[in-house]
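Below is a short note on the model, set out as numbered points. It starts with the interior and then moves to individual helices and residues.

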Amino acid sequence: MPAPKLINPEIDNFYAQTSEENRLQLGLGPLEFERNKDLIGRYLPKKKGVLIDVGGGPGVYSEWLAGLGYDVYLIDPVEKHIKQANKRSSKAKKPFKSILGESRKLEFPDDFADVVILHGPLYHLQLKEDRIKSIAEAKRVLKPNGIALGFAINHSASSIAGLLNGFIHHPALYEMCKEELTTGLHNPPDNMPGILPSAYYHRPSQLRSEMEEAGLTYIDTYAVEGMIWMDKNYFETRGDAKKKEAMMELLKITENDQALLSLSPHMMIAGRKL
């Protein structure tokens, strides 16, 4: 008898059929990857430390973090990702450890890690109680003064993308966007394969509220892509070094602007365990 899945089978099947390894190389992926490394890097210990990459997928970020000299533990509920992460680790200059598991029950002792990164749990868990439990688990395994970094998808992300690409008037997509804007619940249409399966898309204020409810002290919220992805000539701009530098400056001076956070598809929140 096969082992029970640690997550919703719908999510497990989605990642079994798609390539998370390649996602950060396509479309807006390079911007997301560049920004995530920048934002995470601001909270890394100055010297050696223990990092837990929860929902770390095939290990792209874990490989980078281990390469910086940290002791890295990747946790993911998708068996395919663990196999890919193990393969990646075996080829890395400094390996990291990959463990099949999930965010609501981390198999680590109290006060174990310097930084816990929540890459997938905050949007893959639709129930608030599950997200709170995941953040509380991150807090439990953090050392005093340790940092939790959580990544979330904005409640406005699909609607803005739909408006920009002209798909907003597709009836099923329109209904999906309305549900996300009003409830945060993301449930993709059955006739649109390839869209992220059932998820929760946060308002920035809700993201902070959940982190504080789980017992962490709020530090800040950051726009990952910000509003620069809406440049109609974005890919041309990114290919021009001078234009890219100007756009990244625009992003950095607005990354904490609460009034503009909802224009960014992804957000990162930082909290501390006191």
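1. In this predicted model, the largest nonpolar core is made of 26 residues, and Ile-40, Leu-149 and Met-268 have the most contacts inside it. Two or more residues of this core come from each of helix H3 (29–41), helix H4 (60–67), strand S2 (71–76), helix H5 (79–91), S4, S5 and strand S9 (266–272). The biggest contribution, four residues, is from H4. There is also a second, separate core of 24 residues, with Ile-75, Ile-132, Ala-148 and Ala-214 among its members.

2. Leu-149 shows what such a core position looks like in detail. Leaving out residues up to four places away in sequence, Leu-149 touches Ile-40, Tyr-43, Val-115, Val-116, Ile-117, Leu-118, Met-268, Ile-269 and Ala-270. Two of these partners, Ile-40 and Met-268, are themselves named with Leu-149 as having the most contacts in the largest core.

3. Ala-270 belongs to strand S9. Its relative accessible area is 0%, so Ala-270 is buried. Beyond its neighbours within four places in sequence, Ala-270 is in contact with Tyr-43, Ala-148, Leu-149, Met-211, Thr-217, Tyr-218, Ile-219 and Asp-220. His-169 is 101 residues from Ala-270 along the chain, and their C-alpha atoms are separated by 36 Å.

4. For the protein as a whole, the secondary structure consists of 12 helices and nine strands. The radius of gyration is 18 Å, which agrees with the value near 19 Å for a compact globule of 274 residues. Along the principal axes, the C-alpha atoms fill a box of roughly 50 × 50 × 40 Å. Buried residues account for 51% of the 274. The exposed area is about 13,400 Å², of which carbon and sulfur atoms supply 55%. Of the contacts between residues at least 6 apart in sequence, 72% join residues at least 24 apart.

5. Helix H7 (residues 128–141) deserves its own point. H7 has 14 residues and spans 20 Å from its first C-alpha to its last, close to the 20 Å expected at 1.5 Å a residue. The buried residues in H7 are Asp-130, Arg-131, Ile-132, Ser-134, Ile-135, Glu-137, Ala-138 and Val-141. An α-helix has 3.6 residues a turn, so residues three or four places apart point the same way. What do the buried residues of H7 pack against? Their partners are strand S1 (50–54), strand S4 (113–118), helix H6 (121–124), strand S5 (142–153), strand S7 (199–200) and helix H10 (204–213).

6. Glu-210, in helix H10, is an acidic residue to check by eye. Is Glu-210 buried or exposed? Its relative accessible area is 5%, under the 20% cut-off, so Glu-210 counts as buried. Apart from residues up to four places away in sequence, Glu-210 touches Lys-128, Arg-131, Ile-132, Ile-135 and His-202. Arg-131, Ile-132 and Ile-135 are among the buried residues of H7.

7. Tyr-123 is in helix H6 and counts as buried, at 14% relative accessibility. The Tyr-123 side chain reaches the backbone oxygen of His-119 at 3.0 Å. Not counting residues up to four places away in sequence, Tyr-123 touches Phe-151, Ala-152, Ile-153, Leu-196, Ala-199 and Tyr-200. Gly-184 is 61 residues from Tyr-123 in sequence, with the two C-alpha atoms 9.8 Å apart in space.

8. Thr-182 lies in helix H9 (residues 171–183). With 64% relative accessibility, over the 50% cut-off, Thr-182 counts as exposed. A polar atom of the Thr-182 side chain lies 2.8 Å from the backbone oxygen of Lys-178. From C-alpha to C-alpha, Thr-182 and Gly-55 are 27 Å apart in space, and they are 127 residues apart in sequence.

9. Two backbone angles should be looked at. Asp-111, in the loop between strand S3 (97–100) and S4, has a positive phi of about 55 degrees although it is not a glycine. Asp-111 is partly exposed, at 41% relative accessibility. Asn-145 lies in strand S5, and its phi is near 75 degrees, again a positive value in a residue other than glycine. Asn-145 is partly exposed, at 49% relative accessibility.

Note on methods
Residues are numbered from 1 along each chain as its sequence is written. This is a predicted model: local features need pLDDT of at least 70, side-chain atom pairs count only at pLDDT 80 or more; totals for chains, interfaces and linings use all residues. Side-chain values use heavy atoms; hydrogens and water are left out. Buried means under 20% relative accessible area, exposed over 50%, partly exposed in between (1.4 Å probe, protein chains only). A polar contact is a pair of N or O atoms within 3.5 Å; within protein, one must be able to donate a hydrogen and the other to accept it, and residues adjacent in sequence count only if both atoms are side-chain atoms. The expected span of a helix is 1.5 Å times one less than its number of residues. Contact means heavy atoms within 4.5 Å. A nonpolar core is a set of buried Ala, Val, Leu, Ile, Met, Phe, Trp, Tyr and Cys residues joined through side-chain atoms within 4.5 Å. The radius of gyration is taken over C-alpha atoms; the globule rule is 2.2 Å times the number of residues to the power 0.38. Accessible areas come from the Shrake-Rupley method with a 1.4 Å probe; for residues, only the protein chains shown count as cover.
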